[in-house]
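Me: I should like to learn how to read several features of a protein model. Please give the general idea for each, and then the case at hand.

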Number of protein chains: 2
Amino acid sequence: MDASYITPFVASIQNVFSTMLQLPVEIGEPTIKSNPHPEFDISGIIGMSGDVVGSVVLSFPTETAVSIVQLFTGMEIDAESDDFADAIGELVNMVSGGAKAAFPDNKRVSISCPSVVIGKGHRIAGQSDTPCVMIPCQTDCGEVVIEVAIKQVTAAAQAA
Amino acid sequence: MDASYITPFVASIQNVFSTMLQLPVEIGEPTIKSNPHPEFDISGIIGMSGDVVGSVVLSFPTETAVSIVQLFTGMEIDAESDDFADAIGELVNMVSGGAKAAFPDNKRVSISCPSVVIGKGHRIAGQSDTPCVMIPCQTDCGEVVIEVAIKQVTAAAQAA
């Protein structure tokens with residue numbers, strides 16, 4: 001995957017977390033995700049399609065997600081509630097929306113509705129034809145990981 | 001949600017499962033999903049965007065998913081392997097692709113890359129502004145559930 005599709009996510013999470021949560025984010029070294037996949041408790045997943053097709057996942061341990069949702073909403077919200085899932089979904093939506101606006105060459109990209117996975121120690125696999133880059137993000141609330149698995153669509157594939 | 005967006009998924013899962021797996025599917029009564037959400041072990045998630053925005057989830061107990069992947073690939077594949085996630089992702093891709101082709105009024109809809117969640121007893125929440133319809137599907141391999149959470153996009157929202 002082209003690095004020009006990774007830097008927009010780095011800038012976007014830093015922007016969203018600093019403006020919406022007043023939470024600085026320290027970005028670690030991005031790595032290619034491989035099996036066995038790391039385990040998380042809460043993940044927000046959003047799909048991208050258009051000139052670029054793929055998925056973006058924001059994953060958290062429960063404690064980190066609860067702290068971040070509290071910063072975001074100003075309330076302590078139970079991780080089982082619909083409001084909690086809405087907040088996690090809105091965060092992955094904002095991070096993905098901000099990133100796609102900074103993709104190179106004015107790519108036309110649409111994003112789907114987010115889905116939020118709640119389950120201790122779940123793993124998320126993409127498809128093996130689309131490499132996935134994991135970007136570790138350290139915050140005062142704990143570690144958040146963004147996973148970006150996207151590929152450019154060729155003109156031939158779009159016409160199909 | 002308009003029922004004309006549900007019937008394409010019913011037809012598509014029956015078509016995909018009968019042609020690819022030779023597995024008849026008996027469709028149960030669709031219901032609106034509510035919290036607490038049901039628990040599953042394996043879920044394939046795909047996003048839709050364009051004139052219709054949303055997400056489609058195909059969820060299984062582990063044993064059912066392993067049997068279905070065996071029918072699909074002709075091999076017994078470990079649920080932890082990349083090939084297993086690829087097979088589940090391809091199934092949700094085919095079911096969603098078949099359904100979107102049958103949406104009313106020739107809607108322009110793109111689908112994203114699938115993500116596959118592996119984790120015993122996980123739950124999946126959408127966003128509370130998008131109602132989610134669960135369609136229970138009984139097969140000889142066990143129960144599969146399709147969840148469809150989609151909404152039509154207004155012209156004003158698309159221009160934004």
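The dialogue below takes up the fold, the helix contacts, the backbone and the cavities in turn.

Me: What kind of model is this, and how many helices and strands does chain A have?

Reply: The model is predicted. Chain A has four helices and eight strands. In sequence order, their pattern is α-β-β-β-β-α-α-β-β-β-β-α.

Me: How is the radius of gyration of chain A to be read against the globule rule?

Reply: For 160 residues the globule rule gives 15 Å, and the radius of gyration of chain A is 15 Å, so chain A is as compact as a globular protein of that length. Taken along the principal axes, the box filled by its C-alpha atoms is roughly 50 × 35 × 30 Å.

Me: How does one describe two packed helices?

Reply: Two quantities serve for a packed pair: the angle between the helix axes and the distance between them. In chain A, helix 2 (residues 62-73) and helix 3 (residues 82-100) have axes that come within 10 Å and cross at roughly 80°. Helix 2 of chain A is therefore roughly perpendicular to helix 3 of chain A, since angles of 65 to 115 degrees count as such.

Me: Which residues make that contact in chain A, and how do they divide by class?

Reply: Helix 2 of chain A contributes Ala65(A), Val66(A), Ile68(A), Val69(A), Phe72(A) and Thr73(A). Facing them in helix 3 of chain A are Phe84(A), Ala87(A), Ile88(A), Glu90(A), Leu91(A) and Met94(A). The residues of this contact comprise 10 nonpolar, one polar and one charged.

Me: At what angle do helix 2 and helix 3 of chain B cross?

Reply: Their axes cross at roughly 80° and come within 10 Å, with helix 2 spanning residues 62-73 and helix 3 residues 82-100 of chain B. These two helices of chain B are therefore roughly perpendicular to each other. On the helix 2 side of chain B the contact involves Ala65(B), Val66(B), Ile68(B), Val69(B), Phe72(B) and Thr73(B). On the helix 3 side of chain B it involves Phe84(B), Ala87(B), Ile88(B), Glu90(B), Leu91(B) and Met94(B). By class, 10 are nonpolar, one is polar and one is charged.

Me: Turning to the backbone, which peptide bond in chain A is cis, and where does Pro36(A) lie?

Reply: Most peptide bonds are trans, and most residues other than glycine have a negative phi. The bond from Asn35(A) to Pro36(A) is cis, with omega near 0°. Pro36(A) lies in the loop between strand 2 (31-32) and strand 3 of chain A. In chain B, the bond from Asn35(B) to Pro36(B) is cis with omega near 5°, and Pro36(B) is in the loop between strand 2 (31-32) and strand 3 of chain B.

Me: Is phi of Asp105(A) positive or negative?

Reply: Phi of Asp105(A) is near 60°, a positive value in a residue other than glycine. Asp105(A) sits in the loop between helix 3 and strand 5 (109-111) of chain A.

Me: How many cavities of 30 Å³ or more are there, and what lines the largest cavity?

Reply: A cavity is a space where a 1.4 Å probe fits but cannot get out. There are two cavities of 30 Å³ or more. The largest cavity has a volume of about 60 Å³. Its lining includes Ser115(A) from chain A, and Lys33(B), Cys132(B) and Glu147(B) from chain B. Strand 4 (52-60), strand 6 (115-125) and strand 8 (142-152) of chain B each give two or more residues to this lining. The largest share, three residues, comes from strand 8 of chain B. The lining has six nonpolar, three polar and two charged residues.

Me: Which residues are closest to the centre of the second largest cavity?

Reply: The second largest cavity holds about 50 Å³ of space. Among its 14 lining residues, Ile45(A), Ile46(A), Gly47(A), Ile45(B) and Gly47(B) are the closest to its centre. Strand 3 (40-50) of chain A and strand 3 (40-50) of chain B are the elements that give two or more residues to the lining. By class, this lining has six nonpolar, eight polar and no charged residues.

Key
Residues are numbered from 1 along each chain as its sequence is written. Chains are lettered from A and ligands numbered from 1 in the order in which they are written. This is a predicted model: local features need pLDDT of at least 70, side-chain atom pairs count only at pLDDT 80 or more; totals for chains, interfaces and linings use all residues. Side-chain values use heavy atoms; hydrogens and water are left out. Axes are lines fitted to C-alpha atoms, for helices over the stretch in contact, and angles run from 0 to 180 degrees between N-to-C directions. Angles under 35 degrees count as roughly parallel, over 145 as roughly antiparallel, 65 to 115 as roughly perpendicular and the rest as oblique. Contact means heavy atoms within 4.5 Å. Ala, Val, Leu, Ile, Met, Phe, Trp, Tyr, Cys and Pro count as nonpolar, Asp, Glu, Lys and Arg as charged, and the others, Gly among them, as polar. On a 1 Å grid over the protein atoms alone, a cavity is a set of points where a 1.4 Å probe fits but cannot get out, and a pocket is an open set with protein on both sides within 12 Å along at least five of seven lines; lining residues have an atom within 4 Å of a point. Grid points are joined across faces, edges and corners, and a volume is the space filled by probe spheres set on the points. The radius of gyration is taken over C-alpha atoms; the globule rule is 2.2 Å times the number of residues to the power 0.38.
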